[in-house]
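Hi everyone, thanks for making time. I'd like to walk you through one structure today, so let's put it up on the screen.

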Amino acid sequence: MSNDRTREVIVIGSGPAGLTAAIYASRAQLSPLVVEGEPSSTSDQPGGQLMLTTDVENYPGFPDGVMGPELMMNFRAQAERFGAEFITAKVTDVDFSSRPFGVWVGEEEHRAEAVIVSTGARSLMLDIDREDELLGHGVSTCATCDGFFFRDQEIVVVGGGDSAMEEASFLTRFASKVTVIVRRDVLRASKIMQERAHANPKIVFLWNAEVAALHGETKLDGVTVKDTRTGEKSRLDADGLFVAIGHRPNTDLFVGQLELHANGYLKTFDGRSHTNVEGVFACGDVQDDWYRQAVTAAGSGCMAAIDAERWLESQGH
Ligand code: NDP
């Protein structure tokens, strides 16, 4: 089913980046259509990764903190106020080979002169029982966001890469003890990050180990650790579990259409939001493997809307 109207802008994704792009684009009278995703337990749902968190204390403007879902509902309401329209579904296909660009939601076809891609990224998870349920209740994927809540408590970090070393080191600012659980007997992390972690008296390593179960009624209070060689299981008390086994950008839709870095993140150029396809812009975590913060995503959403607006203007729209 084809939609006769060609839009000026379609925004794909509705985390802080996409919704900020929608606020700016709607205030620029570009009547954006936001395809926001569909409800699920993963981060590619409307509102993105903040829907999986509880308190957000580092978003400027909220001195007492704000709940992640509430923050995203406010972003959305602000975009709606200026005329952004929403479709609560996932984009199933795109065609960026000619303009106006094609964006499909199932059989439904939408066309736009410019597209802003803000499909975000997701943390890889352990995929064990109760992980979803305890996310935000002791289980976290972001030390920068949640470390503060674990003052003087014991924390477990899973992973052996740079992320895990960085998270573990950062968490020692708050925690009394950080146990890093590594599934092999070597780390993947760079030497310097390894050395830093080894030198930190609050960090201990548990080698050849994986987390097999999570404990706690409403909040995590311990994990079952399984020895990967012997299969032997033991309980480890922990108030927090940080999963730091990597992230994946949500870029499957764009393979073959937009240039990606080797790690799958979208390429943007010259410190701006444009991709290799003129008229297609990217913002937020889908093109950022470095900062991954709500406020940086929102900032880049603003950049993408301004870039799209100026580009449309240069094209006579
Ligand atoms: P990586 O892919 O580098 O490392 C993932 C780690 O998690 C590996 O040790 C891996 O084990 C382990 N792992 C994967 N799946 C599981 C699982 N299911 N259960 C238990 N352990 C698992 O990801 P990172 O996020 O650490 O890093 C991504 C990129 O970002 C890297 O290039 C890194 O250098 C960079 N980075 C740089 C930083 C810095 O320089 N400050 C900070 C953070 C990231 P195994 O080794 O056995 O596969």
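Let's begin with Glu166: an N or O atom in the side chain of Glu166 sits 3.0 Å from a nitrogen atom of the ligand. Keep in mind that this is a predicted model, so distances like that one are computed from it.

Now, which residue puts a side-chain N or O atom 2.7 Å from an oxygen atom of the ligand? That's Arg184. Gly160 joins in too, but with its backbone: one of its backbone N or O atoms lies 3.0 Å from a ligand oxygen. And how much of the ligand gets covered? On its own, the ligand exposes 910 Å², and the protein buries 68% of that.

Okay, let's zoom out a little. There are 14 residues around the ligand, and the nearest ones are Asp162, Ser163, Arg183, Arg184 and Arg188. So Arg184 turns up again here. If you sort that shell by class, you get 4 nonpolar, 5 polar and 5 charged residues. Helix 5, residues 162-171, supplies the largest share of the shell, with 3 residues.

Next stop, the second largest pocket. Its volume is about 200 Å³. It's lined by 14 residues, and Thr268, Gln287, Asp288, Ser300 and Met303 are the closest to its centre. Which helix gives the most to that lining? Helix 7, residues 294-314, with 4 residues. By class, the lining has 4 nonpolar, 7 polar and 3 charged residues.

That's my tour, thanks for listening!

Methods:
Residues are numbered from 1 along each chain as its sequence is written. This is a predicted model: local features need pLDDT of at least 70, side-chain atom pairs count only at pLDDT 80 or more; totals for chains, interfaces and linings use all residues. Side-chain values use heavy atoms; hydrogens and water are left out. A residue is near a molecule or strand if one of its heavy atoms lies within 4 Å of it. A polar contact is a pair of N or O atoms within 3.5 Å; within protein, one must be able to donate a hydrogen and the other to accept it, and residues adjacent in sequence count only if both atoms are side-chain atoms. Accessible areas come from the Shrake-Rupley method with a 1.4 Å probe; for residues, only the protein chains shown count as cover. Helices (H or I, at least four residues) and strands (E, at least two) are DSSP runs, numbered from the N terminus. Ala, Val, Leu, Ile, Met, Phe, Trp, Tyr, Cys and Pro count as nonpolar, Asp, Glu, Lys and Arg as charged, and the others, Gly among them, as polar. On a 1 Å grid over the protein atoms alone, a cavity is a set of points where a 1.4 Å probe fits but cannot get out, and a pocket is an open set with protein on both sides within 12 Å along at least five of seven lines; lining residues have an atom within 4 Å of a point. Grid points are joined across faces, edges and corners, and a volume is the space filled by probe spheres set on the points.
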